[in-house]
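Trainee: I'm new to this one. Could you pick a single spot, take a close look at it with me, and then carry on from there through whatever else is worth seeing?

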Amino acid sequence: MRSYAKSIALYERTKAHLAGGVSSNVRYASTPVPLFFERGEGARLHDVDGNVHIDYVLGNGPAILGHAPKPVIDAVARSLAEGQVFAGQHPRETELAERLNRLLPSAEVVRFATSGTEAVLMAMRLARAFTGRVKIIKCEGHYHGWSDQAFISTKPSLNEAGPADAPVPVAGSPGMAPSVLEDTVVAGWNDLAALRRAFDLHPRQIAAVIMEPVMVNGGAILPHEGYLAGVAELCRAEGALFICDEVITGFRVGLGGAQARFGAKADLSIYAKAVAAGFPLALVAGRRDVMDTLLDRGVMHGGTYNGNVQSMAAALAALDELERDGGALYRLMEQRGSRLMQGLSSLGARHKLPVLVQGFPTIFQTFFSRAAPPRNYRESMACDRDTALAFHRALQEEGIRVNQRTTWFLSAAHDDAIIDETLAAADRAMARLVQH
Ligand SMILES: Cc1ncc(COP(=O)(O)O)c(C=O)c1O
């Protein structure tokens, strides 16, 4: 058995001075306590107890080049002496904006923020200002940050969530203003008819539809063929904006994100995480006429750290790596991730466990279910989450770190030897599951 004694002791000590012992509630989803890590190196994390983990959490997505990627940390180190924040512009912002506008399918212009949560708030405000409407449709099970406006029906219990064809908005946290629920319409995802119904129930009141293009937070579920293009078309017909939250998929499933892969185009898109390979950067990209309201109509967006020198340097260096040789790193990651997905599937069959592996090679989830692969939040909730949690624990014991839902993020540092090591560990972890 691996020991976590030092993490447990440090967590107890931390709780006395850091509220709840963590800096983000998301970290409570960790076994046996929120773990303390001393350092990350490529695909591996070293915790304070001396355990080494092959890391498939990757900070929940950002570390696309692995931990402490040399080209990025060198670029950031070189930028440090230039300063950090000026309450003024820095030429790297221009350079990065130009580059992003070239790479992102829906970007006529971009605006930088610091976290995904804030960028979502900016996109919602822009949509409301541009359309003069208030309500926003969001999809059940999708996560768009922890703000009052967005943390709605992200993980509702099924007895609160209402019928599948008319879900009710459920506040995700105590302390949220009840009024936000009046401005939010919840629809089932991957279902154009459900979206049409939501529009019909609120004629000419919908400012925007927001969704993850791939439902990563509810289980790496891919959109049906034509679904995203259908959403864009429906929004256009209804005079609403389509906001695509690519915080996870952006720069992870390819340079152009999920929209390039599925041939869809949103009015506003949100990127964060992988774009700066671990440094804090988020952005809204989108239509010039919508984004110009920031200047023309004084739609407010601020942020002390937006466009800070180090995040800009990190993103430029990360894009150098990701763009090299026509995206060679993505081709490698796709090959290795596919091998991992197939390997996990075959191991499931060998151990007679109902393992379903769903998603992209760079971001996928293992489900335990004898039913067809889940297509939305409710179907994903119907999968066997206790066995997923047991698999997470068994993997951790074998030196593999995935989150408690068993989502797997891949980085360019996960080379073939690491994939082999992972599959051997997963074999032993599945054997443990079968024994219990
Ligand atoms: C799809 C999506 N949108 C928004 C966010 C919020 O981003 P941040 O944690 O940077 O505020 C997340 C975070 O995981 C996310 O997965």
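Mentor: Let's start with a word we'll need right away: a residue is called buried when its relative accessible area is under 20%, exposed when it is over 50%, and partly exposed in between. Keep in mind, too, that you're looking at a predicted model.

Our spot is Gln396, which you'll find in helix α13, residues 385–397. Its relative accessibility is 5%, so Gln396 counts as buried. What does Gln396 touch, leaving aside residues up to four places away in sequence? The list is Arg2, Tyr4, Thr31, Pro32, Leu35 and His53.

Two of those partners, Thr31 and Pro32, deserve a pause. The peptide bond running from Thr31 to Pro32 is cis, and its omega is near -5°. As a rule, most peptide bonds are trans. Pro32 itself sits in the loop between α1 (5–15) and β1 (37–41). So click on Gln396 and you'll have a residue of α13 in contact with both Thr31 and Pro32, the two ends of that cis bond.

While we're on backbone oddities, there are two more to look at. In general, most residues other than glycine have a negative phi. Ala277 isn't a glycine, yet its phi is positive, about 50°. You'll find Ala277 in the loop between β9 (268–271) and β10 (282–286). Lys352 isn't a glycine either, and its phi is also positive, about 60°. Lys352 belongs to the loop between α11 and β11 (355–360). Buried or exposed: how do Ala277 and Lys352 come out? Ala277 has 7% relative accessibility and counts as buried, whereas Lys352, at 71%, counts as exposed.

Lys352 gives us a handy way over to helix α11, since its loop lies between α11 and β11. The axes of α2 (residues 70–80) and α11 (residues 309–350) come within 8 Å and cross at roughly 150°. Angles over 145 degrees count as roughly antiparallel, so that is the label for α2 and α11. The crossing is right-handed. On the α2 side, the contact uses Pro71, Val72, Ala75, Val76, Ser79 and Leu80. On the α11 side, look for Val309, Gln310, Ala313, Ala314, Ala317, Ala318 and Glu321. Sorted by class, this contact has 10 nonpolar, two polar and one charged residues.

Now set that beside another helix pair. Helices α6 and α7 (residues 227–238) pack at an angle of about 15°, and their axes are 10 Å apart. With that angle, α6 is roughly parallel to α7. Here, too, the crossing is right-handed. From α6 the contact takes Leu192, Leu195, Arg196 and Phe199, and from α7 it takes Tyr227, Gly230, Val231, Leu234, Cys235 and Glu238. By class, that makes seven nonpolar, one polar and two charged residues. Ala193 lies in α6, which covers residues 192–201. At 39% relative accessibility, Ala193 is partly exposed. Ala193 and Asp165 are 28 residues apart in sequence, and their C-alpha atoms are 9.5 Å apart in space.

Cys235, one of the α7 contact residues, brings up a fair question. How many disulfides does a search of the whole structure find? The count is zero. A disulfide is a covalent bond between the sulfur atoms of two cysteines, and the cut-off here is a pair of sulfurs within 2.5 Å. The sulfur of Cys235 is 9.7 Å from the closest cysteine sulfur, in Cys139, which is too far for a bond. For Cys383 the closest cysteine sulfur is also in Cys139, but at 19 Å, again too far. Both residues are tucked away: Cys235 is buried at 0% relative accessible area, and Cys383 is buried at 8%.

One last stop, in a loop. Ala150 sits between β5 (135–139) and α5 (179–182), and with a relative accessible area of 1% it is buried. Its partners, again skipping residues up to four places away in sequence, are Val120, Met124, Lys138, His144 and Gly145. Ala150 and Gly250 are 100 residues apart along the chain, and 19 Å separates their C-alpha atoms.

Conventions
Residues numbered from 1 in each chain as written. Predicted model: local features only at pLDDT ≥ 70, side-chain atom pairs only at ≥ 80, totals over all residues. Heavy atoms only, no water. Buried < 20%, exposed > 50% of the residue type's maximum accessible area, 1.4 Å probe, protein only. Axes fitted to C-alpha atoms, helices over the stretch in contact; angles between N-to-C directions. Helix = DSSP H or I, 4+ residues; strand = E, 2+ residues; numbered from the N terminus. Parallel < 35°, antiparallel > 145°, perpendicular 65-115°, else oblique. Left-handed = near helix turned anticlockwise from the far one by under 90°. Contact = heavy atoms within 4.5 Å. Nonpolar A, V, L, I, M, F, W, Y, C, P; charged D, E, K, R; others polar.
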